[in-house]
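Reader: I should like to go through the labels used for this structure and see how each one is justified. Please set every value against its definition.

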Amino acid sequence: MKHNAKKKTILITGAGGFLGQELIKQFIQLDRYHLIAITSQAGCLAKRFPENKTIRFYDSRTWEQSLIPFQGIDVVIHCAFARSNIGSDLVKSLYFTQKVISEASNNNCHVINISSRSVYGQSPNTPWSETTPVEPDSLYAMAKFNSELLLQTLAVEKPNFFHTSLRLAGLIGPGLDARTVNQFVHQALIGETIKIKGGNQQFAYLDVRDAASGIVALLQTPSNNWESVYNLGYFRSYSITEIAETVEKMARRFNCPEVKISIERTDEGLYAEMNSTLFYTDTSWQPKYDMKAIVSSIFEHQTEEVIHKNDQKKN
């Protein structure tokens, strides 16, 4: 039996990840959903979101013992997937994906599968739309595309099993320090020259807050109208030079030393741009955070981290 009809029950896999935690944060603020979170960091998440009766946390052991109450779940948001190019890691992720989708379809739960822009590889047919032929150029990209195929295959014999795969642009925001933008902000804060090789590379980024907000908007649309695949990204891409210049301008607001940008011009190429019009139209939603807003949030986060570390040293 489902929970109160006024509140849908959402299962989030990979709830301790970058997107998963942002989804929990936004769902809590809305106060219209019951949440079930599967994560290897159940204890840590319970501390981050204490005394919240709308969330139940389950660890991997509970999952392995088949104790997740799928019969009470309305929608599964499947975020868990190894960000790796190691074959054994990706095989485990695909096995897990298969089991999640099977359990969902057997219990009439709808599925939002988190895929990736990487399925397009380096296709020159930009901006990529949902009809652009996929050209995976890594094991990770191929595995992500296989997750989409798994979902579509398992849904063939169940016409009332509604589902979609979201091909996300590269997520970005405070705390994801591997991203180029975060690295540029760090260099600005410590007074290092921002060094660029190439200069013309284009990046398809999306603020994690927008990604979560877009998923929430999708949940508020009739699931029987979902397309099998959506692109979910920002309106446009950004060149690496434009990103560096945005960091340089924002650094002045945070009283950083003068930021210098050094560009070594090469033929190194990367052009990634997504057309997310279909998603915007079907959900009546659009992203809010441009690169200026993203850089500002990363500066705020990294500045607070520096202050916190200095306070710890004093104590």
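**From values to labels**

Reader: Why is Arg209 called partly exposed?

Author: Arg209 has a relative accessibility of 24%. Buried is under 20% relative accessible area, exposed is over 50%, and partly exposed lies in between (1.4 Å probe, protein chains only); Arg209 therefore counts as partly exposed. The model is predicted, with local features requiring pLDDT of at least 70 and side-chain atom pairs pLDDT 80 or more, whereas totals for chains, interfaces and linings use all residues. Residues are numbered from 1 along each chain as its sequence is written, and side-chain values use heavy atoms, without hydrogens and water.

Reader: What makes Arg209 and Asp207 a salt bridge?

Author: The term requires a side-chain nitrogen of Lys or Arg within 4 Å of a carboxyl oxygen of Asp or Glu. The closest N and O atoms of Arg209 and Asp207 are 2.8 Å apart, and the pair therefore qualifies. Asp207, at 1%, is buried. The whole structure contains four salt bridges.

Reader: How do you know that the salt bridge of Arg167 with Glu148 ties together separate parts?

Author: The closest N and O atoms of this pair are 2.8 Å apart. Arg167 belongs to strand β6 (residues 163–168) and Glu148 to helix α5 (residues 139–155), so the bridge links parts 19 residues apart in sequence. Helices (H or I, at least four residues) and strands (E, at least two) are DSSP runs numbered from the N terminus. Arg167 is buried at 4%, and Glu148 is buried at 1%.

Reader: Are Arg252 and Glu248 buried or exposed?

Author: Arg252 has 56% and is exposed, whereas Glu248 has 18% and is buried. Their side chains form a salt bridge at 2.8 Å, N to O. They stand four residues apart in helix α8, which means a separation of about one helical turn.

Reader: What makes the contact between α6 and α8 largely a matter of side-chain class?

Author: Helix α6 (residues 180–189) and helix α8 (residues 240–253) pack at about 35 degrees with axes 10 Å apart. Axes are lines fitted to C-alpha atoms, for helices over the stretch in contact, and angles between N-to-C directions run from 0 to 180 degrees. Contact means heavy atoms within 4.5 Å; the residues that meet include Phe184 in α6 and Val247 in α8. The contact has nine nonpolar residues, one polar and no charged. Here Ala, Val, Leu, Ile, Met, Phe, Trp, Tyr, Cys and Pro count as nonpolar, Asp, Glu, Lys and Arg as charged, and the others, Gly among them, as polar.

Reader: What makes β3 and β11 edge strands?

Author: The open sheet has seven strands in the order β3-β2-β1-β4-β5-β6-β11, with parallel pairing. β3 (55–58) and β11 (229–232) each pair on one side only. Two strands pair if DSSP finds at least two bridges between them; β1 (residues 8–13) and β4 (residues 75–78) are joined by four.

Reader: What makes Asn255 and the bond from Thr126 to Pro127 worth a remark?

Author: Most residues other than glycine have a negative phi, and most peptide bonds are trans. Asn255 has a positive phi near 55 degrees; at 71% relative accessibility it is exposed. The bond from Thr126 to Pro127 is cis, with omega near -5 degrees.
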